[in-house]
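User: Please take a close look at one strand of this model, covering its pairing and how well it is covered. Then place it in the wider picture, including the ligand site and the chain as a whole.

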Amino acid sequence: MHVENQNSIAPQPTAEELIALCEQAYGLRGTVGRLPGENLNFLLQGDDGQSYVLKLAGEDLPAAVIELEHRMIEHLISSGIDISLPRIHLNRSGQLETEFRDGDGHSHRARLLEYVGGTPWCEAGPPSTGLLRDLGRILAEIDLALADLDLPPAHREHRWALASAGVHRAKIELIDDPGRQALAEKMFHLYAAYAPRLAEVPHSLIHSDANDENVLVANDRVVGLLDFADSLYNPTICELAVALAYAMLDHPEPLQAGAEIVAGYHAIRPVAQDELEVLFPLVVGRLCTTVAVAAERRSIDPDHPNWYVTEARAWDLLERFAAIDPTDAAAELASAIDSKPGMESGAGIPDLLRSRRMHVGSSLSIAYEQPLKIVRGSGQYLYDHRGRPYLDLVNNVCHVGHCHPHVVAAGQHQMERLNTNTRYLYDGLAEYAGRLAATLPDPLEVCFFVNSGSEANELALRLAETYTGRHDWLVIDGAYHGNTSRLVGLSPYKFMGPGGKGHPEPWVHVVPMPDGYRGIHKGQDRSTGEAYGDEVGRVIAGLDVPVAGFLAESLLGCGGQIVPPPGYFQRAFEHVRTAGGLCVIDEVQVGFGRAGTHCWAFEAQGVIPDIVVMGKPIGNGHPLAAVVTTRPIAEAFANGMEYFSTFGGNPVSCAIGMAVLDVIEEEQLQNHALELGGHFLAGLKTLKEKHELIGEARGMGLFLGLELVRDRETLEPAAEDAAELVERMKARGVLLSTDGPLHNVIKIKPPMVLNRDDVDMVLRALNDEMSKLP
Ligand SMILES: Cc1ncc(COP(=O)(O)O)c(C=O)c1O
């Protein structure tokens with residue numbers, strides 16, 4: 001890990017050298033003493049009766065940033081701010097900084113500041129309500145005054161920038177205590193899940209460091225603010241969040257105290273609803289930064305005097321905040337103002353369950369032992385009614401991220417103009433069909449649009465049956481293809497599962513799952529793939545009826561996240577085509593770049609199907625699905641009987657489908673799936689080395705699986721452990737599910753906007769929870 005250089009271990013000049021500097025550069029005589037704190041600050045008691053602060057710049061502090069501080073302070077003073085600020089005195093040459101060399105030959109940059117009087121907040125005793133409000137007021141006045149000041153050096157990355165506190169997350173590994181590590185993990189997760197929303201709130205130049213040493217107090221008022229070194233362009237609300245984080249430390253009622261500061265701030269610069277919603281996670285983010293940076297610093301120098309002043313108090317506050325729901329925290333912080341966070345919670349879970357039982361068919365299952373009520377989705381996150389975030393590793397439907405703004409806008413825009421059906425001409429249908437067909441290899445070029453994967457598979461069956469004049473089908477064991485009567489009949493996952501008939505219907509012929517881990521042929525090489533392909537030929541040879549086709553997923557989802565070994569589809573297709581059948585590939589779960597190497601997972605096997613079925617991710621959650629086939633097959637289907645789907649391919653669906661394609665292209669999600677999926681799978685394989693429970697870590701791109709076994713020799717499935725692990729990960733804010741015929745495979749198929757921090761967090765959490773499994 002990269003450990004940053006800290007300026008406080010920089011070389012120090014002697015007092016005599018500094019006294020000489022003050023005289024030469026500023027014409028001031030006096031005495032010099034080091035001031036407490038992290039930075040190299042010295043108090044100059046001038047013979048003129050005035051006090052000054054001589055500040056040495058860290059090596060890495062660019063001159064442009066000093067200029068930034070200067071311009072900010074001058075701007076605030078000229079705007080009439082009624083507290084003292086550390087104004088810079090120019091040297092005799094009229095410059096902000098003075099460069100000099102100490103006796104040891106080290107060069108330094110010094111600047112002389114006006115001394116700002118007052119007692120630091122942390123030494124001023126318990127704050128009154130008036131003082132809390134005054135802090136809010138001052139910060140709001142500063143933010144308002146700075147709102148019209150946009151200085152280029154302020155657009156910078158900074159170690160303490162609250163909007164990018166996520167950069168410190170990896171330092172969790174440096175925290176010694178496992179309990180504290182888990183606490184930091186949980187609280188960083190809260191911060192990270194809300195941080196993307198910062199893109200929606202106003203940004204401006206802020207001081208960004210109103211900590212309890214920098215805020216100076218006298219006579220129950222805030223009288224000064226120090227240290228503009230962290231100033232930068234950031235979400236304006238971060239100003240308030242930083243101040244809250246420090247003012248709440250040690251306070252017996254931190255959120256109540258925070259509410260007073262918020263009220264003081266709000267009276268001057270009203271806090272908008274979306275700012276209120278991110279405020280608590282931001283406070284948490286600053287506390288997390290404090291403990292993470294402390295852990296990092298300990299790895300450099302565990303005894304450094306100034307580095308750990310806030311750490312213990314930050315841990316205490318994080319501990320308290322961990323027990324509070326984000327919705328409650330947001331409400332409490334807003335309790336003294338008229339604006340409220342818009343975090344709706346609605347009906348409680350028991351009420352919802354009751355009415356669901358009354359009016360909704362009970363064949364629908366509900367995930368998790370304690371059901372989740374989800375009120376919002378964004379990117380790779382879902383949020384429950386208490387504001388708790390969950391990293392979603394389950395929903396491959398919301399492919400480009402939950403509620404992606406481009407997709408939402410495209411749907412809204414089209415809904416406002418027109419929604420009709422395919423019996424009229426409109427631009428969207430032909431354009432979308434062309435764009436979709438362009439993603440596929442020739443001769444796949446004719447599209448049909450429907451509303452669900454099941455409907456699409458049904459249509460694929462009809463296309464193949466009309467073309468071949470046959471009605472028998474080959475299907476892979478363990479597969480699921482849809483919820484209609486025929487597709488349940490073609491889904492061993494269903495007809496062999498609970499409530500199923502327990503055997504295939506006479507028109508259904510099941511071929512073995514090409515599972516190189518526990519199937520009849522072992523291995524991931526080409527010969528295994530071909531051996532499984534020959535199983536398809538073997539089944540065909542045993543039939544006394546001709547087959548219409550072979551329906552197969554390109555990666556087996558319900559079968560347990562299985563990647564067929566190379567050569568499987570080539571060999572299987574040869575057998576099917578020799579027998580006069582069509583090859584139909586179901587890409588409903590895995591299409592649209594998830595596999596990483598290709599847009600369509602079948603392409604990785606070097607085959608071209610006759611019909612491709614797509615669904616789930618195609619509309620990012622909007623009910624849309626499609627079948628794409630060759631012209632001869634499509635023409636054979638146009639036999640006089642019209643094919644019409646009322647909603648299929650309507651203008652709104654086409655607009656949404658196109659927006660999904662836009663995002664995949666613009667955000668380069670296929671390549672992202674390749675790179676991130678590779679990192680994820682490598683991490684899962686490392687976990688396998690540590691945990692006997694993992695029999696196999698497998699997958700492609702962002703379609704991954706962990707098969708859990710009790711014994712690596714016998715492959716006894718560990719279904720209970722898999723279920724337990726899913727529950728434990730949910731408690732840590734990560735959503736997973738189990739699947740596979742033996743229910744022992746942890747499925748991973750997240751929205752494709754998952755990022756590396758998310759993956760690293762999941763790997764740490766899986767490692768931790770697997771270590772704790774009984
Ligand atoms: C591989 C596969 N095909 C088809 C379907 C059916 O899609 P839908 O639920 O949209 O009808 C599913 C749904 O889970 C699926 O996973």
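Analyst: Strand S16 runs parallel to strand S18 (residues 547–553), and four bridges join the two. One pair in this set is Val 475 of S16 with Leu 551 of S18. The model is predicted, so distances and areas below are computed from predicted coordinates. S16 also pairs with strand S17 (residues 508–511), again in the parallel sense and over four bridges. There, the bridge partner of Leu 474 is His 509.

S16 itself spans residues 472–476, and five of its five residues are buried. In a regular strand, side chains alternate between the two faces of the sheet. In S16, Asp 472, Leu 474 and Ile 476 point one way, while Trp 473 and Val 475 point the other way. Both groups are buried; the cut-off for that label is a relative accessible area under 20%.

The ligand site can be described next. S18 ends at residue 553, and Glu 553 is one of the residues surrounding the ligand. Others in this shell are Ser 452, Gly 453, Ser 454 and Asn 457, then Tyr 480, His 481 and Gly 482, and finally Asp 586, Val 588, Gln 589 and Lys 616. By class, the shell has seven polar, three charged and two nonpolar residues. Helix H13 (residues 453–468) gives the most to it, with three residues.

Three polar distances describe how the ligand is held at atom level. A nitrogen atom of the ligand lies 2.7 Å from a side-chain N or O atom of Asp 586. An oxygen atom of the ligand is also placed 2.7 Å from a side-chain N or O atom of Lys 616. At Gly 453 the backbone takes part: one of its N or O atoms is 2.8 Å from a ligand oxygen. The ligand alone would expose 390 Å², and the protein buries 84% of that.

Beyond S18, the loop leading to helix H17 (568–578) contains Gln 561. Gln 561 counts as buried because its relative accessible area is 0%. Leaving aside neighbours within four places in sequence, the contacts of Gln 561 include Leu 556, Arg 698, Phe 703 and Leu 704. Gly 705, Val 745, Lys 747 and Ile 748 are in contact with Gln 561 as well.

A residue of another class of exposure is Asp 328, which is found in helix H9 (residues 326–333). Asp 328 counts as partly exposed because its relative accessibility is 45%; exposed would require over 50%. Its C-alpha atom is 39 Å from that of Val 590, and the two residues are 262 residues apart along the chain.

For the whole protein, the secondary structure comes to 22 helices and 26 strands. Its C-alpha atoms fill a box of roughly 110 × 60 × 50 Å along the principal axes. Of the 774 residues, 57% are buried. Among contacts with a separation of 6 or more, 73% link residues 24 or more positions apart. The accessible surface is about 31,500 Å², with 51% of it belonging to carbon and sulfur atoms.

To return to the part requested: S16 has parallel pairing with S18 and with S17, and five of its five residues are buried.

How values were computed. Residues are numbered from 1 along each chain as its sequence is written. This is a predicted model: local features need pLDDT of at least 70, side-chain atom pairs count only at pLDDT 80 or more; totals for chains, interfaces and linings use all residues. Side-chain values use heavy atoms; hydrogens and water are left out. A residue is near a molecule or strand if one of its heavy atoms lies within 4 Å of it. A polar contact is a pair of N or O atoms within 3.5 Å; within protein, one must be able to donate a hydrogen and the other to accept it, and residues adjacent in sequence count only if both atoms are side-chain atoms. Accessible areas come from the Shrake-Rupley method with a 1.4 Å probe; for residues, only the protein chains shown count as cover. Ala, Val, Leu, Ile, Met, Phe, Trp, Tyr, Cys and Pro count as nonpolar, Asp, Glu, Lys and Arg as charged, and the others, Gly among them, as polar. Buried means under 20% relative accessible area, exposed over 50%, partly exposed in between (1.4 Å probe, protein chains only). Contact means heavy atoms within 4.5 Å. Two strands pair if DSSP finds at least two bridges between them.
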